[in-house]
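Welcome! Below are some exercises to work through with the model open beside you. Try each task yourself before reading its solution.

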Amino acid sequence: MPTDEAVVQTAAEAAEGVIFSRMKRSAVDDYDVRVTFEDGVLEVDVYVEAPETDADEERVADDAALAARSAVDDLFADE
């Protein structure tokens with residue numbers, strides 16, 4: 001079974017991967033990925049501020065959160 005730290009790290013890395021696969025780092029003014037995993041419950045909140053891009057910031061944040069959850073599902077499936 002993965003450690004809580006491994007779960008959080010996996011989720012955060014996946015979320016950041018989605019953000020920066022869709023937006024240039026230089027175009028992102030601010031972003032925040034908050035991940036908690038307590039008592040078997042995963043919570044992921046993603047915020048992206050990139051007003052100078054054509055990308056839909058809210059959509060990218062939602063997709064990043066979904067990718068984080070999926071990465072954690074895969075982590076548990078591998079166990």
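The exercises that follow go from charged pairs to rings, strands and single residues.

This is a predicted model, in which local features need pLDDT of at least 70 and side-chain atom pairs count only at pLDDT 80 or more, while totals for chains, interfaces and linings use all residues. Residues are numbered from 1 along each chain as its sequence is written, and side-chain values use heavy atoms, with hydrogens and water left out.

**Exercise 1. Find the salt bridges in the whole structure and work out which of them share partners.**

Step 1. Start with the rule: a salt bridge is a side-chain nitrogen of Lys or Arg within 4 Å of a carboxyl oxygen of Asp or Glu. Searching the whole structure with it gives three salt bridges.

Step 2. Look at Asp63 and Arg22, whose closest N and O atoms are 2.5 Å apart. Asp63 belongs to helix α2 (residues 57-77) and Arg22 to helix α1 (residues 4-22), so this salt bridge ties together parts that are 41 residues apart in sequence. Here helices are DSSP runs of H or I with at least four residues, strands are runs of E with at least two, and both are numbered from the N terminus.

Step 3. Stay with Asp63 and turn to Arg59: they also form a salt bridge, with 3.4 Å between the closest N and O atoms. These two residues are four residues apart in helix α2, so about one helical turn separates them.

Step 4. Put the two together: salt bridges with shared partners join Arg22, Arg59 and Asp63 into one network.

Step 5. Add the salt bridge between the side chains of Arg34 and Asp32, at 2.5 Å from N to O.

**Exercise 2. Decide for each of these charged residues: buried, partly exposed or exposed?**

Step 1. Use the cut-offs: buried means under 20% relative accessible area, exposed means over 50%, and partly exposed is in between (1.4 Å probe, protein chains only).

Step 2. Take the network. Asp63 has 15% relative accessibility, so Asp63 is buried. Arg22, at 44%, is partly exposed, and Arg59, at 52%, is exposed.

Step 3. Take the other pair. Arg34 is exposed at 55%, whereas Asp32 is partly exposed at 27%.

**Exercise 3. Which kinds of aromatic pair does the structure hold?**

Step 1. Recall how to describe them: a pair of aromatic rings is described by the distance of the centres and the angle of the planes. Rings of Phe, Tyr and Trp (its six-membered ring) pair if their centres lie within 6.5 Å; planes under 30 degrees apart count as stacked, over 60 as edge-to-face and the rest as tilted.

Step 2. Count them: there are two aromatic pairs. In one, the ring centres of Phe20 and Tyr31 are 5.1 Å apart and the planes are at 90 degrees, so the pair is edge-to-face. Phe20 is in helix α1 and Tyr31 in strand β1 (residues 30-38), so parts that are eleven residues apart in sequence are tied together. Phe20 is buried at 19%, and Tyr31 is partly exposed at 28%.

Step 3. Now the other pair: Phe37 and Phe76 have ring centres 6.0 Å apart and planes at 45 degrees, so this pair is tilted. Phe37 sits in strand β1 and Phe76 in helix α2, so the pair links parts that are 39 residues apart in sequence. Phe37 is buried at 10%, while Phe76 is partly exposed at 28%.

Step 4. Return to Phe20: the charged end of Arg25 sits over its ring, 4.0 Å from the centre. For this, NZ of Lys or CZ of Arg must be within 6 Å of the ring centre and within 35 degrees of the ring normal.

**Exercise 4. In what sense do β1 and β2 pair, and over how many bridges?**

Step 1. Two strands pair if DSSP finds at least two bridges between them. β1 and strand β2 (residues 41-49) do so in the antiparallel sense, over nine bridges.

Step 2. Pick out one bridge: Asp32 has Tyr47 as its partner in β2.

Step 3. Look at the hairpin of β1 and β2, with two residues between the strands: Asp39 takes a positive phi near 55 degrees there.

**Exercise 5. Which residues does Asp30 contact, leaving aside neighbours within four places in sequence?**

Step 1. Locate Asp30 in strand β1, where Asp30 is partly exposed at 38%.

Step 2. Apply the rule that contact means heavy atoms within 4.5 Å. Asp30 is then in contact with Tyr47, Val48 and Glu49, its neighbours within four places in sequence being left aside.
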